[in-house]
There are 2 protein chains.
Amino acid sequence: MKAIVVKRGGDKPVVIDKPRPEPEPGEALVRTLRVGVDGTDHEVISGGHGGFPEGEDHLVLGHEAVGIVVDPNDTELEEGDIVVPTVRRPPQSGTNEYFEHHQPDMAPDGMYAERGIVGEHGFMSDFFTSPEEYLVRIPRSHAELGFLIEPISITEKALELAYASRSSFEWDPSSALVLGNGSLGLLTMAMLKSDDKAYERLYCLGRRDRPDPTIDIIEKLGGTYIDSRQTPVEDIPDEHEQMDFIYEATGFPKHAIQSVQALAPNGVGALLGVPSDWEFEVDAGAFHREMVLHNKALVGSVNSHVKHFESATVTFTKLPRWFLRDLVTGVYPLSDFEAAFDDDDTTIKTAIEFSSV
Amino acid sequence: MKAIVVKRGGDKPVVIDKPRPEPEPGEALVRTLRVGVDGTDHEVISGGHGGFPEGEDHLVLGHEAVGIVVDPNDTELEEGDIVVPTVRRPPQSGTNEYFEHHQPDMAPDGMYAERGIVGEHGFMSDFFTSPEEYLVRIPRSHAELGFLIEPISITEKALELAYASRSSFEWDPSSALVLGNGSLGLLTMAMLKSDDKAYERLYCLGRRDRPDPTIDIIEKLGGTYIDSRQTPVEDIPDEHEQMDFIYEATGFPKHAIQSVQALAPNGVGALLGVPSDWEFEVDAGAFHREMVLHNKALVGSVNSHVKHFESATVTFTKLPRWFLRDLVTGVYPLSDFEAAFDDDDTTIKTAIEFSSV
């Protein structure tokens, strides 16, 4: 079968031939439909992330997949089930309490592998196998865009953690700000639009000039676009308002600190972007004091697990069809896979199609 | 009646004569038993906090009180009830949604007065009045040390917020670190000792030399004393371990940032100390990244309200008698009230006695 991989020492994705995997007991064999591409894939390719499976000279890319079960192999799954695989798997050293408690998304470094990212092959191949417990069934109607379930699940978990932090009092947020107008930021904007919190005002920060398809989506969702070059996060309360909820999806390291000043009293900031080390001067006294005097919270969130994929499946049905159409700017066949890794101002979200239902 | 006040332009507490207050409808008249002294009182006295009641040339001090109802004045209270007053009251401008929703502890600046701190007289007087809804009944057996209910309630709220932030997953903490060995830090150490989370290892950071009564208490509670001059917060993981829970009660502004590095994966830091502005260089990238990759949380917490006073009353009964004896280093009569405001290395917690049951 064909697989898109990055080789040791390589710096771009290439297609290779690999043997079709055989499911072990408890595993199903899945024919891959589509696999999404995101920023993490670019980091893996450039070597800034990840690690190769032990003893292998390549890593199969891809962690945002949807597929169809072709061999249930004595699992509870059935042939023809549409499934989305989760990403974290037990590490080489074997399982541990995080997997036993069904929350590998809470496992620290070294206590997990991540398919397509670190230590285990991903899903960009004609077929993949997976233990049944890491395959989430989704409706057949979701098959085409099922590769969005994984990124949606990332926000499901972040919202779960952030909202939990405000659950001990009556919190009635009305404004939310998403930092970052990439595909995850835009998905989150659409999710907040139909969120139970019923936000009245949504904002999304980016640094693009009009005309721009992401700004169009933000405005079509009823949100306000904020250009960070004109209005950095610290100026947002003066230019717009303080925000009850902030979702950080850029990894720009000033955002964690600045968000606290931009939050309304009792607000919460969810941090998802992953910055590199960067030292600079901050008024850490004001940051600390503002956290205390206005009961603010900051919550970091990474990865997601089965329950978040399940709620993502429900959320998916609430997202407007026009939004999904506008978000996915390209689905490419394997013969044109390089196009899915191109990133220009017209690209929002891409996927590679391996087969169809 | 006598009252301990700070006058406009004054910089020390003085005793004055004031008329005994008359309860308005819905208010009870309370004879003051004892009122505790804490760091906020010192800030109020030095003018670094607070504000005088409108039209008054003085502020009656004190917000950690216990008293006995002498005139229920048609409320549901009864003569002889032992009560602890809460601190936040509607501002001059009138009530607002935070008071209507019974969570004035979540009100932002300007939407509350604080008795003895900002805008309303405190409780350091022979009698005080209060609306019934802000008087929490406590058992008669708690009367003597009932002035500790307010500071305990501060930690009740902080724990409630911090634990809520970890409530969406299975969190099983075993280590906790309290930053600060003042009376609030020590009360929190004792509370964590009997906490439902069943911490196996407790640590408390201070900067005192042995022999020292606070270090004695920390060790008698089974905790480990950490001298911040030898082991600053950032070195604690190497010298001791990463902490599942950190409680910041010093207001030292480096602690908010450093705590994130000292937290274990999935850990939470509760911030209670109130620092001034202070700019310095931090690796905000590492701070942000560590929050994300290990699902960490920071939660600010200020003040407390009725439900926290009620749970504090339950918590109080669980604290060892020896601990309470050792914590309260002086209860002074009005004639010797200045001694309650002295602060040397033998002082932990003091109170002023206005009357007895």
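**A sheet in chain B and the contact between chains A and B**

In chain B, three strands make up an open sheet of mixed pairing, in the order β7-β8-β9. The edge positions belong to β7 (88-89) and β9 (119-120) of chain B; each has a single partner strand, so one side of each is left without a neighbour in the sheet. The model described here is a predicted one.

The pairing of β7(B) with strand β8 (residues 113-115) of chain B is antiparallel and rests on two bridges. Within this part of the sheet, B:Arg88 is found opposite B:Glu114 of β8(B).

From this sheet we turn to the place where the chains meet. Chain A brings 58 residues to the contact, and chain B brings 58 residues as well. Together the two chains bury about 4,700 Å² between them, and carbon and sulfur atoms account for 56% of that area.

Polar links also cross this interface. Residue pairs in polar contact number 33, counting pairs in which both residues have pLDDT 80 or more. On the side of chain A that touches chain B, the elements giving two or more residues are the helices α3 (149-164), α7 (254-262) and α8 (284-293), along with the strands β16 (263-271), β17 (279-283) and β18 (297-300) of chain A. Of these, α8(A) supplies the largest share, with nine residues. Sorted by class, the side of chain A that touches chain B consists of 28 nonpolar, 16 polar and 14 charged residues.

Charged side chains meet across the interface too, where two salt bridges are found between chain A and chain B. A salt bridge joins the side chains of B:Arg289 and A:Asp277, with an N to O distance of 2.7 Å.

One of the contributing strands of chain A also pairs with a strand of the other chain. β17(A) and strand β17 (residues 279-283) of chain B run antiparallel and are joined by five bridges. In this pairing, A:Val282 faces B:Phe280 of β17(B), the two standing opposite each other.

A database record adds an annotation for chain A. In an unreviewed entry, UniProt places the feature "domain: Glucose dehydrogenase C-terminal" at residues 143-354 of chain A. In the model, the C-alpha atoms at the ends of residues 143-354 of chain A are 13 Å apart. Helix makes up 39% of this span of chain A and strand 24%.

Definitions and conventions:
Residues are numbered from 1 along each chain as its sequence is written. Chains are lettered from A and ligands numbered from 1 in the order in which they are written. This is a predicted model: local features need pLDDT of at least 70, side-chain atom pairs count only at pLDDT 80 or more; totals for chains, interfaces and linings use all residues. Side-chain values use heavy atoms; hydrogens and water are left out. Two strands pair if DSSP finds at least two bridges between them. Helices (H or I, at least four residues) and strands (E, at least two) are DSSP runs, numbered from the N terminus. Contact means heavy atoms within 4.5 Å. Buried area is the accessible area (1.4 Å probe) that two parts lose on being put together, summed over both. A salt bridge is a side-chain nitrogen of Lys or Arg within 4 Å of a carboxyl oxygen of Asp or Glu. A polar contact is a pair of N or O atoms within 3.5 Å; within protein, one must be able to donate a hydrogen and the other to accept it, and residues adjacent in sequence count only if both atoms are side-chain atoms. Ala, Val, Leu, Ile, Met, Phe, Trp, Tyr, Cys and Pro count as nonpolar, Asp, Glu, Lys and Arg as charged, and the others, Gly among them, as polar. UniProt positions are given in the numbering used here, feature names are shortened, and annotations may be inferred rather than shown by experiment.
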